[in-house]
Amino acid sequence: MQRRRLLAVAAALVVASGCSSQDDETPPSASAPSPSASSSASESSDGAREAVEAYVRALNSRSATELISVGGVEDQEWSRQEAERILADRGGRGWKIKDVRIQHDMGPDVGSARLLAEDRAGESLRDTFTVTREKGAWHLTVFTGQPAEPGKESAATDEPRS
């Protein structure tokens, strides 16, 4: 009986150690990533953080081209229009990053980024983005109006009609 309990405890420890969280929450940072980061998780967080910093630079410089680049979408009429709307709302306000937190809560190439910034007037900007890595480059999901591919319908969110 004692041996069975010992084996059950050992098995529970093995299972519990295999279920540890894969979250990679990085500490708050208002500066460039640390050059001492050497693990792939740290490099992933650094790349995602750089994308958030590029987003803030695009807002401050009112650059639609930079915003489109950090958004990882093609430079087309729809993306230019959406970038202009974003810049009209948040651009040119001298944002300073107060905190950036990156979590790889959806895998090594997808996660979330939380941004806290403050403008010259002291107003806060709090935003959460999905961050994705495609072909080695990190992008923020800031564009919501991307048209569906030709021949494909987008998912409906209306209640079904009977």
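Let's start with Gln103, which sits in strand E1, a run covering residues 96-103. The structure you are looking at is a predicted model. From this residue we can move on to two aromatic pairs, one helix and the largest pocket.

**Gln103 in strand E1**
- Is Gln103 buried or exposed? Its relative accessible area is 11%, and buried means under 20%, so Gln103 counts as buried.
- Gln103 and Val131 are 28 residues apart along the chain, and their C-alpha atoms are separated by 9.2 Å.

**Aromatic pairs**
- How many aromatic pairs does a search of the whole structure find? The search finds 2.
- One of them joins Tyr55 and Phe129, whose ring centres are 4.9 Å apart. Their planes meet at 70 degrees, and planes over 60 degrees apart count as edge-to-face, so this pair is edge-to-face.
- This pair links distant parts of the chain: Tyr55 belongs to helix H2 (residues 40-61) and Phe129 to strand E3, with their positions 74 residues apart.
- Tyr55 counts as buried because its relative accessibility is 1%. Phe129 is buried too, at 5% relative accessibility.
- Trp78 and Phe143 also pair up, with ring centres 6.1 Å apart and planes at 90 degrees, so they are edge-to-face as well.
- Here, too, distant parts of the chain are linked: Trp78 is in helix H4 (residues 77-90), while Phe143 is in the segment after E4, 65 residues apart.
- Trp78 and Phe143 are both buried.

**Helix H3 and what follows**
- Which residues of helix H3 (residues 64-71) are buried? They are Ala64, Leu67, Ile68, Val70 and Gly71.
- Why do these buried residues lie on the same side of H3? They cover an arc of only 165 degrees around the axis, which puts them on one side of the helix.
- Just after H3 comes Gly72, which has a positive phi, near 70 degrees.

**The largest pocket**
- The volume of the largest pocket is about 190 Å³.
- Its lining includes some residues you have already met: Gly71, Gly72 and Phe143. The others in the lining are Val73, Thr132, Glu134, His139, Leu140, Thr141, Val142 and Gln146.
- Which elements give two or more residues to this lining? They are strand E3 (124-134) and strand E4 (137-140).
- Sorted by class, the lining of the largest pocket has 6 polar, 4 nonpolar and 1 charged residues.

Notes. Residues are numbered from 1 along each chain as its sequence is written. This is a predicted model: local features need pLDDT of at least 70, side-chain atom pairs count only at pLDDT 80 or more; totals for chains, interfaces and linings use all residues. Side-chain values use heavy atoms; hydrogens and water are left out. On a 1 Å grid over the protein atoms alone, a cavity is a set of points where a 1.4 Å probe fits but cannot get out, and a pocket is an open set with protein on both sides within 12 Å along at least five of seven lines; lining residues have an atom within 4 Å of a point. Grid points are joined across faces, edges and corners, and a volume is the space filled by probe spheres set on the points. Helices (H or I, at least four residues) and strands (E, at least two) are DSSP runs, numbered from the N terminus. Ala, Val, Leu, Ile, Met, Phe, Trp, Tyr, Cys and Pro count as nonpolar, Asp, Glu, Lys and Arg as charged, and the others, Gly among them, as polar. Buried means under 20% relative accessible area, exposed over 50%, partly exposed in between (1.4 Å probe, protein chains only). Rings of Phe, Tyr and Trp (its six-membered ring) pair if their centres lie within 6.5 Å; planes under 30 degrees apart count as stacked, over 60 as edge-to-face and the rest as tilted. The arc is that of the directions from the helix axis to the C-beta atoms.
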